[in-house]
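Dear colleague,

I am passing on to you the structure that I have been going through, and I would be glad if you kept it open while you read the notes below.

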Amino acid sequence: MKSKIGIFLIIVSAFIFSSCGTSTEAQRQCNIRVGIVFDIGGKNDRSFNAAAWEGVQRAERDLKICLYDVEPGNPTSIEPAMRAFAEKDFDLIVGVGFAQGPIMQKVAVDFPKIKFAIVDGVITGKDGKPLENVASLVFREHEGSYLVGMIAAAKSKSGTLGFVGGMDIPLIHKFATGYEEGAKSVNPNARVLTNYVGVTDAAWNNPGKGKELALSQIDQGADVIFTAAGNSGLGAFDAVEQYGKNPQTNEANKFVIGVDSNQNGVKPGFVLTSMVKRVDNAVYDVVNEVLNNKFQGGFHVFGLDKDGVAYSLDDFNKPLIPQEVITKVEDSKKKIVAGEIKVTDAMAK
Amino acid sequence: MSELLTLSLFFSAIRLATPLIFAALGGMFSERSGIINIALEGLMLAGAFTAAVATFELNNPYLGLLGGVVAGAFLAFIYAVAVIKFEANQVVAGTAINFLMLGLPQLISGAVYDSSGSTPQIAKEFLLPNYYNSVSLASIIAFALIPLCWYVMYKTPFGLRIRAVGENPAAADAAGINVIRLRYTGVILSGILAAAGGAYLSIGQSSLFTRGMTAGRGFIALAALILAKWKPVPVLFACLFFGFMEALTIPLGNIKLASGDPMPVQFIQIIPYVLTIIVLAGFIGLSRAPKALGIPYNKEK
């Protein structure tokens with residue numbers, strides 16, 4: 001009997017403590033109500049989710065919307081969160097991350113009157129056509145990765161570059177192939193070492209492994225490492241910082257390239273640039289469209305042309321990139337937009 | 001193959017083995033006293049989270065490590081009360097601790113830092129020191145713990161009693177040993193050591209806590225403990241084996257197959273586990289657990 005009470009107490013406390021905290025229901029004046037469900041990385045990953053969070057927060061300030069957010073602790077709590085928003089008749093429900101695609105597809109079919117938006121996902125109905133109430137926000141990551149690959153190859157002294165991916169999925173392959181093509185356009189002999197943290201969603205949250213992968217790549221000669229690995233990528237930032245700065249030039253010995261958000265300020269001086277994905281703008285725009293009754297379902301593609309993807313240039317990294325490199329990169333950017341340079345889209349294959 | 005076996009691979013293996021050594025040694029004290037400790041993963045997470053928060057707030061990794069260790073000891077004490085005093089099923093209670101630590105750090109970090117995913121990054125100068133860019137202070141401590149634990153386990157009365165309690169608690173009790181108190185000590189020691197291993201992850205190897213950042217290392221440590229037949233020196237080799245295997249998989253990711261494609265990551269990542277099964281099944285012979293492992297002790301029975 002005693003043992004049963006013990007088990008019961010522990011299980012109950014586990015449930016109490018592990019249930020996620022959600023925003024308090026405040027009686028505010030709202031134009032519209034927006035719910036956002038984050039990916040496993042959580043809204044403060046300084047990267048992908050942080051960009052989406054920034055976008056909806058800006059919408060909250062400018063557009064007087066009421067914003068509710070959920071950070072699911074594991075993949076199984078995504079669907080209940082999404083359904084809870086839908087059952088409360090929210091005006092817009094935003095899902096962040098490719099993993100929510102199949103879930104949102106089910107929920108969006110069940111609630112055809114509610115508008116949905118998914119970042120990095122493509123949602124179609126059973127007939128293969130896009131659902132009218134879902135906006136699929138997709139980015140041409142391979143184009144932005146091409147440009148940072150050019151910068152990396154121009155900066156690299158060894159001709160060896162690194163790529164640390166999070167979960168081994170087609171979306172991340174897009175970053176890897178674009179990066180490699182960009183690097184080879186500058187230096188045809190460039191070697192790109194590619195490693196992935198893992199094959200499950202734990203791969204986004206394993207900075208120790210991320211650092212170990214980066215250290216191994218540095219050991220094999222890499223001096224610029226591009227990460228697309230959520231929180232795990234921060235381990236690569238620690239790895240390059242560990243190699244310090246050259247005392248003569250006061251420039252870092254090894255560099256990292258950030259992803260999704262502008263990560264130049266995470267480790268100032270060690271971040272060559274960031275492949276910025278303007279998830280914030282995309283999310284903000286979709287909120288604005290719902291507010292003004294201009295919402296359109298279907299695919300919304302953000303490439304270099306609309307600055308949906310870009311390389312970041314600010315006071316942190318301006319001294320690190322020579323002007324002639326920037327000129328060259330800008331030139332390639334124009335050519336990609338014009339279709340003169342074709343960057344392989346690994347997901348389209 | 002020869003270019004794979006470099007000195008840096010060796011250091012990488014040591015770094016990857018470090019958290020496993022702490023956790024496996026912790027598990028040894030608990031299991032040798034007769035308490036199954038499947039909660040190593042949760043205890044590591046408690047240590048990792050508390051150490052990250054304490055180091056970030058106090059700007060001192062040693063206080064951070066201390067904080068992590070205290071949190072691990074406290075959580076282990078709760079576990080000990082459940083399984084020793086209330087005689088809860090040890091596997092179930094341990095699993096509950098693991099689940100608890102998947103949620104609790106998020107709840108706290110969500111309340112304190114408005115982010116349930118991760119804690120803020122700690123500046124490099126406030127992390128545990130790292131020598132020659134390769135060996136962390138924590139790795140040195142881990143290696144020093146092996147002979148220390150061996151000495152405690154085999155050369156002190158305390159170690160003898162722990163072992164006696166895990167093999168035959170009734171006989172030990174008859175000989176005047178306080179079984180309950182020894183088991184509490186064993187479990188709390190396991191909390192301290194596992195939490196130190198977790199702290200290494202958040203303030204030694206990387207610079208922040210992210211949810212579930214142990215990524216199964218607690219369970220690997222448990223496997224290492226079984227592989228090592230619950231003995232301290234073999235624990236070192238078992239953990240190094242796992243660390244080495246994981247380190248070896250990193251450069252393998254860049255080897256091109258004859259077809260020109262890279263080796264599939266999925267295949268590379270199963271190698272350590274497949275080898276474990278082979279080693280456990282074929283090479284080490286019978287792995288005999290302490291006889292009273294998992295059986296609650298009750299004087300009246």
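What follows is an account of what was found in it, taken part by part.

Please bear in mind throughout that this is a predicted model. The predictor gives the complex an ipTM of 0.85 together with a pTM of 0.85, and for chain B the mean pLDDT is 88, with 96% of the residues of that chain reaching 70 or more.

I begin with the contact between the chains. On the side of chain A, 45 residues are in contact with 46 residues of chain B. The elements of chain A that each give two or more residues to the side touching chain B are α1 (2-18), β7 (191-198), α7 (207-219) and α8 (233-242), and of that side the largest share, eleven residues, comes from α1(A).

In chain B, helix α1 covers residues 7-32, and its 26 residues, at 1.5 Å a residue, should span 38 Å, which agrees with the 35 Å that separates its end C-alpha atoms. There is nevertheless a bend of about 35° in α1(B) at B:A17, and a proline, B:P19, follows within four residues. The helix is mostly covered, since 21 of the 26 residues of α1(B) are buried, and just after α1(B) comes B:G34, which takes a positive phi of about 105°.

A positive phi also occurs in chain B at residues other than glycine. One of them is B:N59, where phi is near 55°; B:N59 lies in the loop between α2 (40-58) and α3 (61-85) of chain B, and it counts as partly exposed because it has 13 C-beta neighbours inside 10 Å, between the limits of 12 for exposed and 20 for buried. Another is B:K229, with a positive phi of about 55°, which is found in the loop between α9 (217-227) and α10 of chain B and which, with 15 C-beta neighbours inside 10 Å, counts as partly exposed.

The helix after that loop, α10 of chain B (residues 232-252), packs with α5 of chain B (residues 137-155), in that their axes come within 8 Å and cross at roughly 150°. As that angle is over 145 degrees, α5(B) and α10(B) are therefore roughly antiparallel to each other. The residues that meet are B:I146, B:C149, B:W150 and B:M153 from α5(B), and B:P232, B:V233 and B:L236 from α10(B).

Two buried residues, one in each chain, may be worth a look. In chain B, B:I188 has its place in helix α8 (residues 179-205), and it counts as buried because 21 C-beta neighbours lie inside 10 Å. Leaving aside residues up to four places away in sequence, B:I188 touches B:A73, B:A76, B:F77 and B:A80, while B:I220, 32 residues from B:I188 in sequence, is 20 Å away in space, C-alpha to C-alpha.

In chain A, A:M104 is found in helix α4 (residues 101-110) and is buried, with 24 other C-beta atoms within 10 Å. Again not counting residues up to four places away in sequence, A:M104 touches A:M82, A:G95, A:F116, A:I118, A:G121, A:I123 and A:V134. The C-alpha atoms of A:M104 and A:A229, which are 125 residues apart along the chain, are separated by 23 Å.

With best regards

Note on methods
Residues numbered from 1 in each chain as written. Chains lettered and ligands numbered in written order. Predicted model: local features only at pLDDT ≥ 70, side-chain atom pairs only at ≥ 80, totals over all residues. Expected span 1.5 Å × (residues − 1). Bend = angle between axes of the 7 residues up to and from the residue. pLDDT = per-residue confidence, 0-100. Axes fitted to C-alpha atoms, helices over the stretch in contact; angles between N-to-C directions. Parallel < 35°, antiparallel > 145°, perpendicular 65-115°, else oblique. Contact = placed C-beta atoms within 7 Å.
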